[in-house]
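Welcome! Please open the structure in your viewer and keep the selection tool at hand.

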Amino acid sequence: MASADRFKAKKGLEGVVFDTTEVSHVVAEKKSLYYRGYPVHELAEQCEFEEVAFLLLYGELPNAGELEDFSKRERASRGLDSKLLEVLQRFPAKGHPMDALRTAVSYLGMEPDFAGADNSQSATEKGLMLMAKIPVLIAASQRLRHDQPVIAPRDDLSFAANFFHMCLGRVPEAEVVKAFDGSLTLYAEHGFNASTFTARVIASTLSDLCGAVSGAIAALKGSLHGGANEAVMAMLVEIGSPERAESWLEEALATKKKIMGFGHRIYRHGDSRVPRMSQYRDMLAERYNGQSLVEISRVLEEGMVARKKIYPNLDFPAGPAYHLMGFETDLFTPIFVMARVVGWTAHVAEQLSDNRLVRPLAEYVGSEPRAVVPIAERG
Ligand code: COA
């Protein structure tokens, strides 16, 4: 590399290849996403989330015996220490659930099962325990902030069904649980996005998994990243009715507003995960009388493609789908964490298997060297 280029900044690291990975492959021009070689839409359709988690963590889809063992270990790890529950009770009631989750994961990092630096294998084993505990943390802190009793996890329910049980005290029909389970598969992994990159940078310093995941949660919270699924719902509520959607979009674009749930750094012609997630949303809309949300979404999608050639991303159908399932809007991004913690863990393990400290350079654009003037002589 010529030395002048070496010190040229690439804003947002756009187009920079940071490392190799075997975890997933985004083929933007074909609008495709593969987890360890498998198309994500096939995984969402044919596999339970637990199988996909095993695939991401251990590299292959499990056979029946491996899945049974994995599920047993996941279900056995769902409990929370009573001291941690006491800590959750003290969180500010108005705090955002993503902040509560970030703090709780940070707390877990001090518990004996999680404390200490990791190698690839220990990170994977801790990742399985985090996958089991994160939904319990989300549901418990949400119920506590509404002064509702915490509902204990059930070890006879799948990962997806148990989350409904812990949050809402009921498990819906199989078709709805399947839609939620499939959405977790779609959210589980996506290459070197901002939160995964954050996790890998933290892991590269030989910090621990809970530290890497806490940092990743903080990165995911932002509305340009995972927080977009909540922002989409707020936007749909603000628009209110399909009749208002067209004029709302026109005004928003005229005032250079970013339309939440549209655009993507990698996918410039559409997001591979959107068709399946939209099917889930449409099924839920039919079941729960949500046609107006689908109509508003259709107007926005057609308008954005026609006017700007900008396509929806996964968060666009996921926001209304989670709303129709009965989850509060500020739980949408924590739900994203429930799934993505598996992808983060796979990346941390991969980083640790062949680690090199991440330490990029800066293009300096500040003042020339100058002498310090004593304070009495400064104007
Ligand atoms: N609404 C309106 N205009 C958008 C847009 C959106 N959602 N996303 C991109 N654009 C426009 C930008 O304003 C820019 O226009 P310009 O060239 O006239 O300035 C152009 O498209 C390129 O966008 P840019 O912001 O440079 O793309 P990026 O790769 O830096 O950003 C996102 C990608 C995801 C951050 C961006 O599309 C966005 O903010 N989307 C909304 C938030 C969201 O849904 N995030 C979830 C991502 S999975």
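This tour goes from the ligand and its surroundings to a small set of strands. Keep in mind along the way that this is a predicted model.

**Stop 1: the ligand.** Start by selecting the ligand. The space it takes is the largest pocket. Now show the residues around the ligand: there are 18 of them. The closest include Ile259, Gly261 and Phe262, and Arg265 and Asn313 belong to that closest set too. If you colour this shell by class, you will find seven nonpolar residues, six polar ones and five charged ones.

**Stop 2: polar contacts.** Which atoms of the ligand should you look at next? Begin with a nitrogen atom of the ligand, which lies 3.1 Å from a backbone N or O atom of Leu224. Then select Lys258, where an N or O atom of the side chain is 3.2 Å from an oxygen atom of the ligand. Next, pick Arg268: one of its polar side-chain atoms is 3.2 Å from an oxygen atom of the ligand. Taken on its own, the ligand has 860 Å² of accessible area, and the protein covers 67% of this.

**Stop 3: the sheet.** Move on to residues 24–27, which are strand β1. Along with β2 and β3, β1 forms an open, antiparallel sheet in the order β1-β2-β3. The edges are β1 and β3 (38–39), each pairing on one side only. Select residues 32–35 to see β2, which runs antiparallel to β1 and is joined to it by four bridges. For a last look, click His25: opposite it, in β2, stands Tyr34.

Key
Residues numbered from 1 in each chain as written. Predicted model: local features only at pLDDT ≥ 70, side-chain atom pairs only at ≥ 80, totals over all residues. Heavy atoms only, no water. Near = heavy atom within 4 Å. Polar contact = N/O pair within 3.5 Å; in protein donor to acceptor, adjacent residues only side chain to side chain. Areas by Shrake-Rupley, 256 points an atom, 1.4 Å probe, with all protein chains shown as cover. 1 Å grid on protein atoms, 1.4 Å probe; cavity = no way out; pocket = protein on both sides within 12 Å on 5 of 7 lines; lining within 4 Å. Sits in = over half its atoms within 2 Å of the grid points. Nonpolar A, V, L, I, M, F, W, Y, C, P; charged D, E, K, R; others polar. Pairing = 2+ DSSP bridges. Helix = DSSP H or I, 4+ residues; strand = E, 2+ residues; numbered from the N terminus.
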